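I opened this notebook to record a few local features looked up in one structure. The entries follow the order in which I consulted them.

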Amino acid sequence: MNYEELERHAIESLNEAAERHAHFDLLDVDKLIKKNKLREITNPIFFVRDNIPTSDGLLSNEIFGITKDQRANIFAYIDLSEYFIHPLYYIIWNSMDRKLSEVVNGTDTFIIDKDGQFVQDDNGDNGIKWLKANIDKIKFKHTESSKRDTKIKFLEETRDKMFIKQMLVIPAYYRDVNNTGGYVTVGEINKIYNQLILGVRSLKETADYGLNMSNAVRGRIQNTIVKLYQWFTGTSKDKEAGKGLSGKYGIIRQSVLSKTTDYGTRLVLSAPELKVENLDDMKTTLDYTCIPLSSLCSNLFPFIIFWIRRFFENEFSTKDYPVRNKKGEIEYLKVKDPLIAFSDTRIKEEIERFMKGFSNRFIPIQVPLEDEKRTVWMRFNGYSVDEYEALKNKDSGDVTPLFRRRLTWCDLIFMACEEVSKDKNVIITRYPMDSYFNQFTTKIRVSSTKETEPMYVNNTFYKYYPKIREEDIGKDTSNKFMDTLNLSNLYLEAIGGDYDGDQVTAKVAFTKEANAELEKFANSKKNYINLGGKNARNPSHECIQALYSLTIHIPGNNITKDVKLGKL
């Protein structure tokens, strides 16, 4: 047995052990009803007039109350008048023996042989009543499948709870009506409850008249009960059954996906940029995730406010602001109330404008002067790497920067995000959380414009500074920025993600203690090795793509024309 077979055998053994020790217990519906004094739903009609709910119907104010708390916590029930198979039992049993469906729906007659199995017989019987009367004679057939054995164990140990006579109705708050657009709709779950009430009412009324309903009608009621269960579990393949509570498009998941926390954002995943000369130029790595600048405005909002406030305090520490006139001479102009002009309220407005204004993100910053007739803009001075090194070696500091233009709010926001995110980690989560690998943490790399350049600004080096020129200011910027999240492909398999529109939630840790704990986890084996001992950060897709790119034959291309593959 090689290593892979040994590993697979170990995982299967762990799964089998988990199944053997799993324990299921069903809710005692009758006890719940009596303990909580639940009331019965008997009326299939939703409203009497003017959209007023019926007093004994599925949306009753008398049964479920009128306040939000009442309608979210009060259950009710439907009396089935006869015994039916619990939907979970029916689904499990029917998956092992398809003859159960024929027995319940009365499409054929059977007897139970000495081995406890259904055998077709013209003189036999069928129906749920016959099934309940002979339930102790039935034996479930074992095979070599461990999963089947687990199912059989569950059915045999809880055989006394196999049949139910009442069906719970969830609180009205979770299945309320929709009256938008002038039309009132009750939703799929209410329609299924309605079908169940109509079927049971028909069963009761015909029994009162001494008529014997066929097993086909009871089979339809049983199928409605199963349909109701499948709605909650999201396992129905019937489109009319609705989305249910669980599943990819279920109510629970959709509700979770629509919620965000303070200073948190939801972002679409996109592939990282690979057009670089070497690995050191990669913006996205296993340790760094590229977060859009607009997203970090929300993630780091209080820190950005503080940084920009301090910037203006330092910039306007005196009332004289140096300006170079047309002659090239420096003159000092009087500034009017700069801390009022650049108050926290103004800073918040500009940040929100940057986040929401996709087409106009290069907004220049005007200097508030006492002489209101003059218009002066704050200046941006940036140096290329070579120019900065040359400037340091010069004796004179009078060197004109290569990049001279108006300073924009985009510049301030970028520099603020770069500064405040250096010592912080981002927590990235993809729902639903089916394992702890659906959430991981990395350091932050600010993603701004599509085109960036290395630059020194205020004696600080920025490797990926947004490329902004004077002629870009005031122009449409809707196609210049990256507004999706770039993460390393190594994380994709563990979170079950791809690049077809999947979304993740990004939340930045604020405190030093939280960031220290996240870094400790990011560097631990738990972040890389799953419970089966395999590497959760799988690079196989990149290897396959690289081999394909290296060995592809392009017609008419001399470079790949004579490529021959050797043995690996």
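I took strands to be DSSP runs of type E with at least two residues, numbered from the N terminus. By that definition I placed Ser 81 in strand β2, residues 76-85. The model is a predicted one.

**Entry 1: backbone angles.** I noted that Ser 81, although not a glycine, has a positive phi of about 70 degrees. Its relative accessible area is 25%, so I recorded Ser 81 as partly exposed. I then turned to Asp 337, also not a glycine, and found a positive phi of about 45 degrees. Asp 337 belongs to the loop between β9 (330-334) and α14 (338-341). I entered Asp 337 as partly exposed, because its relative accessibility is 45%.

**Entry 2: helix α8.** I compared the length of α8 (residues 146-157) with expectation: at 1.5 Å a residue its twelve residues should span 16 Å, and the end C-alpha atoms are 16 Å apart, which agrees. Which residues of α8 are buried? I listed Arg 148, Ile 152, Phe 154 and Leu 155. Viewed down the axis of α8, the buried residues fall within an arc of 160 degrees, so they line one face of the helix. I found that these buried residues pack against α5 (87-96). At the start of α8, I recorded a side-chain oxygen of Ser 145 within 3.4 Å of the backbone nitrogen of Lys 147.

**Entry 3: aromatic pairs.** I searched the whole structure and obtained 27 aromatic pairs. For Phe 312 and Phe 316, the ring centres are 6.3 Å apart and the planes stand at 20 degrees; the pair is therefore stacked, as planes under 30 degrees apart count as such. I found both Phe 312 and Phe 316 to be buried. For Phe 354 and Phe 481, the centres are 5.7 Å apart and the planes lie at 85 degrees, so I entered this pair as edge-to-face. The pair links distant parts of the chain, 127 residues apart: Phe 354 is in helix α15 (residues 344-356), and Phe 481 is in the loop between β15 (460-466) and β16 (485-486). Phe 354 is buried, with a relative accessible area of 3%, and Phe 481 counts as buried at 6%.

**Entry 4: cluster and charges.** I noted one aromatic cluster formed by Trp 307, Phe 311, Phe 312, Phe 316, Tyr 321, Phe 342 and Trp 409. I also looked up charges over rings. The charged end of Arg 175 sits over the ring of Phe 64, 4.9 Å from its centre. The charged end of Arg 405 sits over the ring of Phe 380, 3.9 Å from its centre.

Notes: Residues are numbered from 1 along each chain as its sequence is written. This is a predicted model: local features need pLDDT of at least 70, side-chain atom pairs count only at pLDDT 80 or more; totals for chains, interfaces and linings use all residues. Side-chain values use heavy atoms; hydrogens and water are left out. Rings of Phe, Tyr and Trp (its six-membered ring) pair if their centres lie within 6.5 Å; planes under 30 degrees apart count as stacked, over 60 as edge-to-face and the rest as tilted. Buried means under 20% relative accessible area, exposed over 50%, partly exposed in between (1.4 Å probe, protein chains only). Helices (H or I, at least four residues) and strands (E, at least two) are DSSP runs, numbered from the N terminus. A charge sits over a ring if NZ of Lys or CZ of Arg is within 6 Å of the ring centre and within 35 degrees of the ring normal. The expected span of a helix is 1.5 Å times one less than its number of residues. The arc is that of the directions from the helix axis to the C-beta atoms. Contact means heavy atoms within 4.5 Å. A polar contact is a pair of N or O atoms within 3.5 Å; within protein, one must be able to donate a hydrogen and the other to accept it, and residues adjacent in sequence count only if both atoms are side-chain atoms.
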